[in-house]
Amino acid sequence: MKKKVIGVILGVVVLLGLGSCLLGEDEDTEYAQVEDDDEEDEEEKEEKQSGEGDSNVTATPLSADLTRGMELSVNGKSGELSITRFDSFHGEAVEDGIWTIFVYLCGTDLESFYGMATGDMEEMLSIDGADNVRYIVQTGGTQAWYNDEVDSNATQRFLLQDGYMELVDEQSIAGMGDSATLTDFLTWGTENYPSEHTGLIFWDHGGGSITGVCFDEMSDYDSLSLLEIDQALYSASQNMGQKFDFIGFDACLMGTVETATILATYADYMYGSEETEPGSGWDYNAITEFLYDHPEAGGKELGE
């Protein structure tokens with residue numbers, strides 16, 4: 001069985017602008033943005049380079065308008081990293097006993113060659129009567145599907161619940177490696193399917209902290225970086241009343257500290273594998289059955 005793995009070198013993660021991501025606990029740190037100044041004299045430059053100047057240096061964002069759920073600060077003397085997380089949840093919490101799991105399903109060659117995405121969708125439908133568990137699945141990123149329900153030339157959204165599958169939304173094809181596509185799905189999904197318990201799953205190949213996840217074979221294998229995921233989650237969380245119970249990766253190599261640092265703003269728990277995983281992915285039959293039998297379970301219980 002082909003494994004979901006894109007060859008990557010996991011290292012030099014500072015290229016992401018995340019620093020050496022320790023999960024900082026101090027949210028009261030003062031932050032000072034340090035920018036290049038052509039008129040700055042050489043003495044001041046040397047002080048900053050040696051750590052004798054400003055004690056806190058914030059990593060410069062990739063663009064001025066980049067929306068993110070946190071800020072990072074590195075102490076110039078000790079090297080200690082601090083993280084401030086922003087409260088982006090401004091909606092109303094729901095208490096309805098329903099579990100809704102959003103699945104960003106980028107099929108790629110795992111589907112077009114082997115039908116593995118179709119197999120997992122069939123597992124999501126395997127428990128009849130599980131009306132308290134629903135999957136909202138967005139499909140895309142593959143040249144062909146092993147079923148007659150999904151169109152590879154469109155971006156489609158399906159409700160999978162209680163043994164039935166229903167097409168609930170369809171749009172023009174969009175790149176699954178584009179942050180805007182993820183933002184649109186999550187904003188639409190959380191507005192139309194608010195629930196007491198929510199989860200989010202990224203399904204596809206994974207390349208860890210460097211190349212991200214969801215490699216769209218219809219768009220030259222463009223993928224979602226951690227920064228793109230951060231931006232999309234921040235936008236979607238504006239209308240949510242609470243964090244996701246979990247955010248998980250049915251993909252290889254995504255169980256990294258850098259990934260957890262991003263997701264801690266938006267979810268109580270992260271599920272991810274440090275190593276490769278089978279192409280067939282998670283056991284969605286077991287997930288559905290557990291939540292049907294334990295509707296009060298949270299992210300910790302489901303993860304265990």
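I began with Cys 106 and found it buried, because its relative accessibility of 0% falls under the 20% limit. The model I am reading is a predicted one.

Next I looked for disulfides and found zero in the structure. Cys 106 is in none; the nearest cysteine sulfur belongs to Cys 214 and lies 5.1 Å away. A disulfide needs the two sulfur atoms within 2.5 Å, so this pair does not qualify. I also looked up Cys 252, which is buried at a relative accessible area of 0%.

I then took the overall figures. The protein has 304 residues, of which 49% are buried. I noted about 14,200 Å² of exposed surface, with 45% of it supplied by carbon and sulfur atoms. Of the contacts with a separation of 6 or more, 72% are between residues 24 or more positions apart.

For secondary structure I noted nine helices and 12 strands. Seven strands form an open sheet with mixed pairing, in the order β7-β6-β5-β4-β8-β11-β12. β7 (164-172) and β12 (267-271) each have a single partner strand, so one side of each has no neighbour in the sheet. The twist from one strand to the next averages 15°.

At the β12 edge I checked the pairing with β11 (residues 244-250): the two run parallel and are joined by four bridges. Phe 244 has Ala 267 of β12 as its bridge partner.

Last, I looked at helices on the sheet. Helix α3 (residues 116-124) lies across β4, β5, β6, β7, β8 and β11, at about 165° to β5. Helix α8 (residues 284-293) touches β4, β5, β8 and β11, and its direction makes about 150° with that of β5.

Technical notes. Residues are numbered from 1 along each chain as its sequence is written. This is a predicted model: local features need pLDDT of at least 70, side-chain atom pairs count only at pLDDT 80 or more; totals for chains, interfaces and linings use all residues. Side-chain values use heavy atoms; hydrogens and water are left out. Buried means under 20% relative accessible area, exposed over 50%, partly exposed in between (1.4 Å probe, protein chains only). Contact means heavy atoms within 4.5 Å. Accessible areas come from the Shrake-Rupley method with a 1.4 Å probe; for residues, only the protein chains shown count as cover. Two strands pair if DSSP finds at least two bridges between them. Axes are lines fitted to C-alpha atoms, for helices over the stretch in contact, and angles run from 0 to 180 degrees between N-to-C directions.
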